[in-house]
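Here's a quick tour of one protein chain, put together for someone new to reading structures. Keep the 3D view open and follow along.

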Amino acid sequence: MRGVQPRAELRVSAVDAPPRLAPYTWAFSVEADADHSAGSELADLEPDTSGRLILLHDPAGQEAWGGTFRLVCFVQARLEPEQLGDEMLPVIGWSWLTEALQEAGAGYSALGGTVTQTSSVRFGDIAEQRRDDDVELRASWTPEGNELGPHAEAFCALVASAAGLPPVGATSLARRSG
């Protein structure tokens, strides 16, 4: 999974995994911001889209997993105003995951999860900041076999889709300045 080469617009970093979920755990995070070009400095900005992928491993296996490995993901993305209240958004959000797994050739079983639209309004000392309307995807699945790289690739593709990044190699039709 460490060998995955994500697209340039994504920032990938190792993070601490929850230690009590399985005897062995490993995790990484991915951040994206569709308003900033590849290679731009995002270090001081809160990304529009972020996610975590956690790998759980129990050599003895777990019946609920149907295997010895389990992948757990969480993705949160800011919504555009025109997406607010879109009843199809949860279905579309789920398709980002299933299509990413399929396109990466990442076989799986026991896939389950939720897609939730959230809205937060800030008050008090942080009221100057904007309202946040987000979509959150939480899912877990059991990878087929021991090849985990395609699952990491699929997760990066999921974050890119949630961020609204165009497919790799696509040219934006937005007007260019200059």
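Accessible areas here come from the Shrake-Rupley method with a 1.4 Å probe. By that method, the chain has an accessible surface of about 10,700 Å², and carbon and sulfur atoms account for 49% of that surface. Keep in mind that this is a predicted model.

**Overall layout**

- The chain has two helices and six strands.
- Going along the sequence, you'll meet them in the pattern β-β-β-β-α-β-β-α.
- The chain has 178 residues, and 37% of them are buried.
- Take the contacts with a separation of 6 or more: 64% of them join residues that are 24 or more positions apart.

**How the strands pair**

- Strand S1 covers residues 11-15 and runs antiparallel to strand S2, residues 24-32, with five bridges between the two.
- To spot this pairing, look for valine 12, which sits opposite valine 30 in S2.
- S2 also has strand S3 (residues 49-62) as an antiparallel partner, this time over nine bridges.
- Here the pair to look for is serine 29 and arginine 52, the latter in S3, standing opposite each other.

**What's packed inside**

- As background, nonpolar side chains in soluble globular proteins tend to be buried together.
- The largest nonpolar core in this model has 35 residues, and the members that touch the most others are Cys73, Leu137, Trp141, Phe155 and Leu158.
- At least two residues of this core come from each of these elements: S2, S3, strand S4 (67-78), H1, strand S6 (132-143) and helix H2 (149-163).
- Which element gives the largest share of this core? That's H2, with nine residues.
- There is also a second, separate core of six residues, and Ala22, Ala27, Ile54 and Trp65 are among them.
- For a close-up of the largest core, try cysteine 73: leaving aside residues up to four places away in sequence, cysteine 73 touches Arg52, Leu53, Leu137, Arg138, Ala139, Trp141, Phe155 and Leu158.

**A nonpolar spot on the outside**

- Met88, Val91 and Ile92 make a nonpolar patch on the surface, and together they have about 260 Å² of accessible area.
- Valine 91, one of the patch residues, belongs to helix H1, which spans residues 89-104.

**Charged pairs**

- Side chains of opposite charge can pair when their charged atoms come close.
- How many salt bridges does the structure hold? There are four, and three of these are worth a look here:
- Arginine 7 and glutamate 9 form one of them, with their closest N and O atoms 2.9 Å apart. Arginine 7 has 18% relative accessibility, so it counts as buried, while glutamate 9, at 21%, counts as partly exposed. The cut-off behind those labels is 20%: buried means under that value.
- Glutamate 31 pairs with arginine 11, and the closest N and O atoms are 2.3 Å apart. This salt bridge links distant parts of the chain, since glutamate 31 is in strand S2 and arginine 11 is in strand S1, 20 residues apart. Glutamate 31 is partly exposed at 24% relative accessible area, and arginine 11 is partly exposed too, at 27%.
- Arginine 138 and glutamate 136 meet through their side chains in another salt bridge, at 3.7 Å from N to O. Is each partner buried or partly exposed? Arginine 138 is partly exposed because its relative accessibility is 44%, whereas glutamate 136 is buried at 14%.

Terms used:
Residues are numbered from 1 along each chain as its sequence is written. This is a predicted model: local features need pLDDT of at least 70, side-chain atom pairs count only at pLDDT 80 or more; totals for chains, interfaces and linings use all residues. Side-chain values use heavy atoms; hydrogens and water are left out. Two strands pair if DSSP finds at least two bridges between them. Helices (H or I, at least four residues) and strands (E, at least two) are DSSP runs, numbered from the N terminus. Buried means under 20% relative accessible area, exposed over 50%, partly exposed in between (1.4 Å probe, protein chains only). Contact means heavy atoms within 4.5 Å. Patches are made of residues with over 30% relative accessible area and no salt bridge: like charges are joined within 9 Å, nonpolar side chains (Val, Leu, Ile, Met, Phe, Trp, Tyr) within 5 Å. A nonpolar core is a set of buried Ala, Val, Leu, Ile, Met, Phe, Trp, Tyr and Cys residues joined through side-chain atoms within 4.5 Å.
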